[in-house]
Amino acid sequence: MRVALGLSPVRTSAGRRAQVSCGSSIGSDKKLIVVGGGAAGYFAAITAKREARSGDLDVCIVEQGKSLEKVRISGGGRCNVTNVEAEPLSLSSHYPRGHKELRGAFFREFSTADTFEWFESRGVPLKVEKDGRIFPQSDSSSSVIDCLQREARELDVELIEGRAVTQVNRVGENFDVVVKGEDRPMNSELLLLATGSSRTGWRIASGLGHTIVDPKPSLFTFKIPDNGNWKALAGISLQDCCCVLTAGGGAKFEQRGPMLITHWGVSGPAILKLSAWAARALGSNSYTAELNLDLCPQVPVEELTSEILRMKKLKNKAFSSLPLSMKETSFPRRLWGYLLSRQKIPEDARFSELKDKTLRKVALDCKRLALPVQGKGPFKEEFVTSGGVDLREVDLKTMRSKKINGLYFGGEVLNIDGETGGFNFQSAWTSGFLAGKDLAKRVS
Ligand SMILES: Cc1cc2nc3c(=O)[nH]c(=O)nc-3n(C[C@H](O)[C@H](O)[C@H](O)COP(=O)(O)OP(=O)(O)OC[C@H]3O[C@@H](n4cnc5c(N)ncnc54)[C@H](O)[C@@H]3O)c2cc1C
């Protein structure tokens, strides 16, 4: 990879000082320009270079900041590269935007198993965690970054960092790529837009005639108002919770899995998944909805109610002691105390002193705790954008634009986003691979 050394370092938008390419490199004509040096851009550039038999496919990545920055911060610095789910059809079901469209050739051509093999064969040993997420054995995203950069360098991919592409114009069958601060545009025959969730990327795609599905955030936590002392429960986690969200217009979404109570609301895998599937509905409803939690899905409501009612017979049993079935599921005591306080039951009350009606309400609350969602939480562990280039306008076997000859797309710039768990990088690797392969075929 040639990081062309600049005549003078410039300050990037992030305020970093970066070496940029000299005028001759920026001004010269290219075969393929990749806009965006993220996961998808790198994977496409590497694949195109590797697969091109003629060897004369010059590939240049133009990156506005520092390349692979999202890979660096991903997975809490560990980079959740992909997921153990490898069967193409099941894999596509993890994409709220794309689950129908990605059922075809997309993952059949390059699936999670291929990603695994790709990195391992290039000296990045990976490990599978209990929940199916795959990380580098080093537990450091720098292993992934070093591998991608080494591969690109060896293949002589040119990298221009610290320069934003502001505009792309179609000139005949070619593209004029306008780089901020440069008088002369770069010119290329082929163009790949891999700009992630950047507004400029979507503006460029739209300027070239593509439809952009309105971008909205996905993968976020929910804010719950502190009525009834919710904050005091912060830190409680349930290994198994069934979460049902009813958003505007009655749209219902359901997910089951681990759930965490935080000082601003709820989080954890079940909630993040719910946010992904409900991202569009929540976005159109100012992030307000009703959340119903089944805190104890292993125990049916009738069973729990009759168990609680039976406990009335235990004359001196304090109500604060957990029913046996809930003890077995390691139900948190603090949460049980919260359910009692919602029915205004004093801590020292005895089962025998309470009315059946009150006891039934506690059981029902445990099975269907209704909470108002009033916004998104600040959780930023993983965050993606739903929306982007309309998939109907892209051939998902090759990532070619159906509208403009020579234009390709890869990664999050497209209207594809996945659940948390490595699925978002997987769509970036797959789309980058497919684009790269087709680009190579085209020039060979
Ligand atoms: C905090 C965080 C953690 C995450 N962790 C994970 C994880 O562990 N596993 C997972 O699967 N997903 C994770 N994701 C999601 C994942 O990072 C994205 O899905 C993935 O990076 C998308 O790849 P991409 O190449 O399409 O876009 P990006 O990685 O965003 O790359 C796009 C690049 O284009 C550049 N660019 C944009 N506009 C221009 C322009 N006009 N000119 C030049 N360059 C431009 C950007 O600077 C950027 O470098 C995480 C996201 C976040 C925010």
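How many bridges join strand S18 to S19? To find out in this predicted model, select residues 288-294, which make up strand S18, and then S19 beside them: 6 bridges join the two strands, which run antiparallel. Within this pairing, Leu-293 stands opposite Leu-369 of S19. With both strands still selected, add residues 356-367, which form helix H14; this helix packs on the sheet, touching S18 and S19, and its direction makes about 115° with that of S18.

Now widen the selection to the whole sheet, an open one in which 6 strands follow the order S14-S17-S16-S15-S18-S19 with antiparallel pairing. Strand S14 (222-223) and strand S19 (369-374) stand at the edges, and because each has a single partner strand, one side of each is left without a neighbour in the sheet. Next, select helix H13, residues 333-342, which lies across strand S15 (237-246), strand S16 (252-261) and S19, and runs at about 90° to S19.

A second sheet comes next, and here the selection should take in S6, S8 and S7, which form an open sheet in that order with antiparallel pairing. Strand S6 (82-83) and strand S7 (126-128) are the edge strands, each of them pairing on one side only. Strand S8, at residues 133-136, pairs with S6 in the antiparallel sense over 2 bridges, and Asn-83 can be found opposite Arg-133 in S8. Adding residues 112-120 brings in helix H6, which packs on this sheet and touches S6, S7 and S8, its direction making about 145° with that of S7.

For a contact between side chains, select Glu-189 and Lys-31, which form a salt bridge whose closest N and O atoms are 3.5 Å apart. Glu-189 lies in strand S12 (residues 186-193) and Lys-31 in strand S4 (residues 29-35), so the pair ties together parts that are 158 residues apart in sequence. The structure holds 22 salt bridges.

The last stop is the largest pocket, which encloses about 1100 Å³ of space. To centre the view, select Gly-38, Lys-70, Gly-196, Ser-197 and Glu-412, which lie nearest the centre of this pocket among the 50 residues that line it. Several elements each supply at least two residues of the lining, including helix H2 (39-51), strand S10 (165-171), helix H8 (199-207) and helix H15 (423-443). The largest share, 5 residues, comes from H15. Colouring the lining by residue class should show 17 nonpolar, 22 polar and 11 charged residues.

Key
Residues are numbered from 1 along each chain as its sequence is written. This is a predicted model: local features need pLDDT of at least 70, side-chain atom pairs count only at pLDDT 80 or more; totals for chains, interfaces and linings use all residues. Side-chain values use heavy atoms; hydrogens and water are left out. Two strands pair if DSSP finds at least two bridges between them. Helices (H or I, at least four residues) and strands (E, at least two) are DSSP runs, numbered from the N terminus. Contact means heavy atoms within 4.5 Å. Axes are lines fitted to C-alpha atoms, for helices over the stretch in contact, and angles run from 0 to 180 degrees between N-to-C directions. On a 1 Å grid over the protein atoms alone, a cavity is a set of points where a 1.4 Å probe fits but cannot get out, and a pocket is an open set with protein on both sides within 12 Å along at least five of seven lines; lining residues have an atom within 4 Å of a point. Grid points are joined across faces, edges and corners, and a volume is the space filled by probe spheres set on the points. Ala, Val, Leu, Ile, Met, Phe, Trp, Tyr, Cys and Pro count as nonpolar, Asp, Glu, Lys and Arg as charged, and the others, Gly among them, as polar. A salt bridge is a side-chain nitrogen of Lys or Arg within 4 Å of a carboxyl oxygen of Asp or Glu.
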